[in-house]
Amino acid sequence: MNIGIVGLGLIGGSLGLDLRSLDHHILGVSRQEQTWQRAKELQTIDAGSVNVEILKDAEIIFICTPIDKIEPEIKKIKECGVSEKVIITDVGSVKKEIVDRIAPELWRNFVGGHPMAGKAESGLEVAERNLFVDKPYVITPVETTPNEAILVVEEIVRSLGAKLYRCSPEAHDRAVAWISHLPVMVSGSLIAACQTDRESLELAQKLASSGFRDTSRVGGGNPQLGAMMAKYNRAELLRSLYQYRQNLDWFIDRIEQKDWEAIEQQLQKNNQARTKFLEV
Ligand code: NAP
């Protein structure tokens with residue numbers, strides 16, 4: 001298939017590498033000239049441009065830009081006369097606001113999507129093959145989404161080796177607030193809190209090891225992406241943060257009361273609960 005990718009960063013670049021290796025012809029669009037040229041050098045795309053006109057021959061287009069650029073890029077695609085039969089899908093980390101703005105008025109053949117795969121680093125240079133293998137990839141069709149478009153996107157997602165899920169944009173945003181957007185804020189707060197004890201900072205930095213690496217990874221990632229999650233999933237993120245604050249207060253109270261048994265019991269429950277989220 002002729003597949004367009006708008007936004008050649010971590011996610012767009014990784015998609016390009018995988019889809020090209022599956023014998024698709026990849027047309028890449030970047031904001032900066034040097035990005036698509038570098039993508040061509042790295043064999044991420046077959047042809048590239050800073051102009052969406054290159055997408056006129058595409059059969060399906062993946063929008064992999066920052067969240068706030070998804071709708072403007074689709075408007076540009078519409079204005080330049082790309083056929084409305086072309087399927088457009090996105091990879092944005094938030095779904096309700098994006099899908100509401102696009103489907104069906106702006107682009108009827110639009111299927112919202114979100115691969116649950118990422119890294120602390122961003123940009124084309126850290127794109128890699130097989131990033132989506134065995135990772136969840138959720139699509140969020142709505143009532144007006146044409147079934148044929150859903151099936152095409154699903155087939156491509158499966159070909160990436162990802163685990164495919166389907167849900168509403170609302171259900172997506174509520175669930176990812178807990179397991180993706182809340183962790184960014186919690187992990188970000190952890191890193192910020194560790195900076196406040198000036199006296200022990202230098203030693204703490206030297207002693208930090210695997211535990212700190214795991215717990216600080218998402219909070220130390222792409223700042224623009226974290227801010228977009230907060231802006232576009234504000235209500236669900238706030239809901240999860242208020243609940244999290246209660247759970248943190250619970251631990252503070254138990255520690256103040258020296259209730260070590262209650263803490264151990266809770267940590268025992270957590271130990272079991274974690275296995276339901278992750279294959280550990
Ligand atoms: P990234 O590595 O920072 O890449 C974003 C790319 O978008 C940059 O290479 C930039 O290209 C390009 N860009 C920015 N504005 C553009 C525009 N107007 N037109 C064309 N290209 C434009 O970001 P990312 O991590 O791949 O994230 C991209 C999308 O994936 C976001 O919507 C995010 O929510 C979603 N997502 C991210 C993750 C994750 O963990 N990182 C996971 C799942 C989904 P130039 O180099 O040309 O400026």
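**The ligand shell and a strand crossover**

Student: Into how many nonpolar, polar and charged residues does the shell around the ligand divide?
Tutor: The model is a predicted one. In it, 27 residues surround the ligand. Sorted by kind, the residues of this shell comprise 11 nonpolar, 13 polar and 3 charged.

Student: Which residues of the shell are the closest to the ligand?
Tutor: Among the elements of the chain, α1 (10-21) and β7 (113-115) each supply at least two residues of the shell. Of the 27 residues that surround the ligand, the closest are Arg31, Thr35, Thr65, Ser93 and Gly123.

Student: What distance separates an oxygen atom of the ligand from an N or O atom in the side chain of Thr35?
Tutor: A polar contact requires a pair of N or O atoms within 3.5 Å. Leu10 offers a polar backbone atom 2.9 Å from a ligand oxygen, and a backbone N or O atom of Ile11 also lies 2.9 Å from an oxygen of the ligand. For the side chain of Thr35, the distance is 2.7 Å.

Student: What percentage of the area that the ligand exposes when taken alone does the protein bury?
Tutor: Thr35 contacts a ligand oxygen through its side chain. Taken alone, the ligand exposes 890 Å², and the share of this that the protein buries is 89%.

Student: Is the crossover from β8 to β9 right-handed or left-handed?
Tutor: Strands β8 (residues 136-139) and β9 (residues 163-166) pair in the parallel sense over 4 bridges. Within this pairing, Ile139 has Arg166 of β9 as its bridge partner. The chain passes from β8 through helix α5 (residues 147-159) to β9, and this β-α-β crossover is right-handed.

Key:
Residues numbered from 1 in each chain as written. Predicted model: local features only at pLDDT ≥ 70, side-chain atom pairs only at ≥ 80, totals over all residues. Heavy atoms only, no water. Near = heavy atom within 4 Å. Polar contact = N/O pair within 3.5 Å; in protein donor to acceptor, adjacent residues only side chain to side chain. Areas by Shrake-Rupley, 256 points an atom, 1.4 Å probe, with all protein chains shown as cover. Nonpolar A, V, L, I, M, F, W, Y, C, P; charged D, E, K, R; others polar. Pairing = 2+ DSSP bridges. Right-handed = clockwise from strand over helix to strand, strands pointing away.
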